[in-house]
2 protein chains.
Amino acid sequence: MTMELLAPFTAQLDLGSGQLDPTHKRIERRLMEMGDAYLEAPDADTLVYEVFNLQVPETNANILSCTTVLQPGKVGREYFMTKGHFHEIRDRAEVYVGVRGQGAMVLATEGGEHEVQWMQPGSVHYIPGGWAHRSVNVGSEPLAFYAAWIADAGHDYGSIEQRGFPVLVVEEDGAPAVVPNPRYGAA
Amino acid sequence: MTMELLAPFTAQLDLGSGQLDPTHKRIERRLMEMGDAYLEAPDADTLVYEVFNLQVPETNANILSCTTVLQPGKVGREYFMTKGHFHEIRDRAEVYVGVRGQGAMVLATEGGEHEVQWMQPGSVHYIPGGWAHRSVNVGSEPLAFYAAWIADAGHDYGSIEQRGFPVLVVEEDGAPAVVPNPRYGAA
């Protein structure tokens with residue numbers, strides 16, 4: 001065997017904050033960067049979520065992973081959420097593990113099939129190929145989760161920016177409810 | 001896109017016990033099944049570890065994952081440990097996340113390069129392709145961790161059964177110590 005080997009490495013996931021240390025790349029998303037993700041889109045600098053990435057070569061032999069810390073909050077009745085994406089290579093799967101807080105994962109296929117899974121510490125979620133996924137913080141504390149995916153998968157945010165998800169997770173009488181997205185499919 | 005889609009699914013990782021519920025396949029390993037893994041090999045029925053697997057099609061688009069619960073204990077000076085393996089497809093990577101207890105992950109290449117990483121709740125471990133890996137419980141409570149790997153990787157236990165790892169993790173003056181394996185490389 002003559003392949004060149006990567007060096008193993010470690011990081012510490014802070015089970016309180018959800019942050020990874022060391023992190024190789026930190027991304028933050030603010031409300032004003034989220035385009036038309038919400039029905040009401042305030043032009044606000046509010047931090048919605050941070051992603052703490054571990055980086056490896058983006059091949060189908062490697063696994064990319066990160067933690068995401070999604071703040072509590074709402075825009076209108078919609079809870080704070082991630083942008084959501086398909087994988088560019090559509091058949092690539094991903095796994096999530098809940099670390100802190102209470103959330104919802106919204107999954108949808110290009111055909112409009114959809115599912116909502118509830119996230120909590122220790123919840124494990126399997127996102128098969130072909131399913132776009134978005135996380136929603138339905139609680140009052142930060143939602144943190146660990147995700148791992150095949151490193152060549154890539155991210156396709158554009159399809160979701162254009163069409164949205166078939167359903168939204170909104171607050172209704174003080175509790176999360178899954179409702180049809182009135183703008184689903186609109187270009 | 002006409003590929004057939006898998007259905008998403010969830011499981012709950014019990015952060016106390018390390019068990020997954022539901023689990024698709026549970027494996028247990030007893031001392032007597034571990035061949036020559038330990039320098040002293042008692043013919044005992046003692047349970048060393050359990051693996052709680054989530055199963056998906058074993059392709060390079062999917063991710064297999066499991067939790068492992070490794071009991072505390074020793075055989076001579078050697079702490080209870082997993083068998084350890086390379087991946088059959090050598091370049092396939094794996095990630096671990098510590099859930100409970102205190103452990104050591106022993107990593108080694110076929111060339112004899114080796115590394116020991118310490119495991120604890122929230123520790124994240126990147127195991128690149130080409131690195132065999134074994135977990136060792138160096139604490140007094142069960143060691144539990146979550147692992148995810150590319151689903152076509154396969155397991156090669158035979159290479160480790162034959163050659164062992166270059167180093168052992170043993171108790172020395174009441175604390176874990178990494179020492180050379182006197183039988184390393186013996187057929």
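**Exercise 1. Pairing across the two chains**

In which sense do β1(A) and strand β11 (residues 123-127) of chain B pair, and over how many bridges?

*Solution.* The model examined here is a predicted one. Step one is the direction: β1(A) and β11(B) pair in the antiparallel sense. Step two is the count, which comes to four bridges. Step three is to locate a facing pair of residues: A:Phe9 stands opposite B:Tyr126, a residue of β11(B).

**Exercise 2. The sheet that contains this pair**

Determine the strand order of the open sheet that includes β1(A) and β11(B), and identify its edges.

*Solution.* The open sheet has eight strands, in the order β2(A)-β1(A)-β11(B)-β8(B)-β13(B)-β5(B)-β4(B)-β3(B). Its pairing is antiparallel. The edge strands are β2 (20-21) of chain A and β3 (25-30) of chain B, each of which pairs on one side only. At the latter edge, β3(B) is joined to strand β4 (residues 47-54) of chain B by six bridges, and these two strands run antiparallel. Within β4(B), B:Leu47 is the residue opposite B:Arg30.

**Exercise 3. The interface**

Describe the contact between chain A and chain B by residues, area and polar pairs.

*Solution.* First, the residues: chain A contributes 46 residues to the contact and chain B contributes 46 residues. Second, the area: about 3,800 Å² is buried between the chains, with 66% of it given by carbon and sulfur atoms. Third, the polar pairs: 18 residue pairs are in polar contact between chain A and chain B, counting pairs with both residues at pLDDT 80 or more. Fourth, the elements: those giving two or more residues to the side of chain A that touches chain B are β1 (9-13), β8 (94-100), β9 (103-109), β10 (114-119), β11 (123-127) and β13 (143-150) of chain A. Of these, β1(A) gives the most, with five residues. Fifth, the composition: this side of chain A divides into 28 nonpolar, 12 polar and six charged residues. Finally, the rule for salt bridges finds zero across the interface of chain A and chain B.

**Exercise 4. Salt bridges in chain A**

Which residues of chain A are joined by salt bridges into one network?

*Solution.* Begin with the general principle: side chains of opposite charge can pair when their charged atoms come close. Over all chains, the count is 24 salt bridges. One of them links the side chains of A:Glu50 and A:Arg26, at 2.7 Å from N to O. A:Glu50 lies in strand β4 (residues 47-54) of chain A and A:Arg26 in strand β3 (residues 25-30) of chain A, so this pair ties together parts that are 24 residues apart in sequence. A:Glu50 is buried, at a relative accessible area of 11%, whereas A:Arg26 is partly exposed, at 41%.

A second salt bridge is formed by A:Glu28 and A:Arg30, whose closest N and O atoms are 2.7 Å apart. A:Glu28 is partly exposed, with a relative accessible area of 29%, and A:Arg30 is partly exposed, with 22%.

**Exercise 5. A salt bridge in chain B**

Establish which parts of chain B are tied together by the salt bridge of B:Lys83 and B:Glu161.

*Solution.* The closest N and O atoms of B:Lys83 and B:Glu161 are 3.3 Å apart. B:Lys83 lies in the loop between β7 (78-79) and β8 (94-100) of chain B, while B:Glu161 lies in helix α1 (residues 158-163) of chain B, so the pair ties together parts that are 78 residues apart in sequence. B:Lys83 is buried, its relative accessible area being 15%, but B:Glu161 is exposed, with 53%.

To complete Exercise 4, salt bridges that share partners join A:Arg26, A:Glu28, A:Arg30, A:Asp45 and A:Glu50 into one network.

Key: Residues are numbered from 1 along each chain as its sequence is written. Chains are lettered from A and ligands numbered from 1 in the order in which they are written. This is a predicted model: local features need pLDDT of at least 70, side-chain atom pairs count only at pLDDT 80 or more; totals for chains, interfaces and linings use all residues. Side-chain values use heavy atoms; hydrogens and water are left out. Contact means heavy atoms within 4.5 Å. Buried area is the accessible area (1.4 Å probe) that two parts lose on being put together, summed over both. A salt bridge is a side-chain nitrogen of Lys or Arg within 4 Å of a carboxyl oxygen of Asp or Glu. A polar contact is a pair of N or O atoms within 3.5 Å; within protein, one must be able to donate a hydrogen and the other to accept it, and residues adjacent in sequence count only if both atoms are side-chain atoms. Ala, Val, Leu, Ile, Met, Phe, Trp, Tyr, Cys and Pro count as nonpolar, Asp, Glu, Lys and Arg as charged, and the others, Gly among them, as polar. Two strands pair if DSSP finds at least two bridges between them. Buried means under 20% relative accessible area, exposed over 50%, partly exposed in between (1.4 Å probe, protein chains only).
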